Amino acid sequence: MNQIILHRIYDKSITPEGIRILIDRLWPRGLKKEDANIDYWFKEVAPSSELRKWFGHKQERFEEFRLKYLQELRNDEEKCQKVDEICQMLDENNVILLYGAKDIEKNHAVVLKEEILNRCKM
């Protein structure tokens, strides 16, 4: 069974084989595109700019951010399409969701993984 792996794009540790998808709306600071080692950049699946700015990586806002972002993932047609694409990729490969956030437990990648697992019935 294939899995979804969350990996901070700045972390140089070795990740398992899989399709590497950057899921941030903005390109990670200080990272050259040729050094990124990504297969896809799905910036469309990232939280809206308004939601991202409101959250500001403040831990106390995470639960409300989570609910608002899940709502975006379920109601925005473009985001829904990207989640469906990831589900299709999971049929054949591991998928590695790459993100830039410093907090590895309270970030949009965690919420996106939750929605993918829910939607793909894994």
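Which residue just after H4 takes a positive phi? In this predicted model, the residue is Lys 121, with a phi of about 55 degrees.

Helix H4 itself comprises 13 residues, 108-120. At 1.5 Å a residue the helix should span 18 Å, and its end C-alpha atoms are indeed 18 Å apart, so the expected and computed values agree. The buried residues of H4 are His 108, Ala 109, Val 111, Leu 112, Glu 115 and Ile 116. Viewed down the helix axis, these buried residues fall within an arc of 160 degrees and therefore line one face of H4. They pack against two strands, S1 (4-8) and S4 (95-99), and against two helices, H2 (62-75) and H3 (77-92). At the start of H4, the backbone nitrogen of Ala 109 is approached to within 2.7 Å by a side-chain oxygen of Asn 107.

Helix H3 has 16 residues. From its first C-alpha to its last, H3 reaches 24 Å, close to the 22 Å expected at 1.5 Å a residue. The N-terminal end of H3 is capped by Asp 76, a side-chain oxygen of which lies 3.0 Å from the backbone nitrogen of Glu 78. Buried positions in H3 are Lys 79, Cys 80, Lys 82, Val 83, Ile 86, Cys 87, Met 89 and Leu 90. The elements against which these buried residues pack include H4 and H2, together with the strands S1, S2 (19-22), S3 (40-41) and S4.

The loop between H3 and S4 contains Asn 94. Asn 94 has a relative accessible area of 18% and is classed as buried, because the cut-off for burial is under 20%. A polar atom of the Asn 94 side chain lies 3.2 Å from the backbone oxygen of Glu 17. Glu 17 is also among the contacts of Asn 94 found when neighbours within four places in sequence are left aside. The other residues in contact with Asn 94 on this basis are Asn 2, Gln 3, Ile 5, Gly 18 and Ile 19.

The largest pocket holds about 520 Å³ of space. Its lining is made up of 19 residues, and those nearest the pocket centre are Asp 24, Arg 52, His 57, Gly 100 and Ala 101. Helix H1 (residues 49-55) gives the most to this lining, contributing three residues.

Methods:
Residues are numbered from 1 along each chain as its sequence is written. This is a predicted model: local features need pLDDT of at least 70, side-chain atom pairs count only at pLDDT 80 or more; totals for chains, interfaces and linings use all residues. Side-chain values use heavy atoms; hydrogens and water are left out. Helices (H or I, at least four residues) and strands (E, at least two) are DSSP runs, numbered from the N terminus. The expected span of a helix is 1.5 Å times one less than its number of residues. Buried means under 20% relative accessible area, exposed over 50%, partly exposed in between (1.4 Å probe, protein chains only). The arc is that of the directions from the helix axis to the C-beta atoms. Contact means heavy atoms within 4.5 Å. A polar contact is a pair of N or O atoms within 3.5 Å; within protein, one must be able to donate a hydrogen and the other to accept it, and residues adjacent in sequence count only if both atoms are side-chain atoms. On a 1 Å grid over the protein atoms alone, a cavity is a set of points where a 1.4 Å probe fits but cannot get out, and a pocket is an open set with protein on both sides within 12 Å along at least five of seven lines; lining residues have an atom within 4 Å of a point. Grid points are joined across faces, edges and corners, and a volume is the space filled by probe spheres set on the points.
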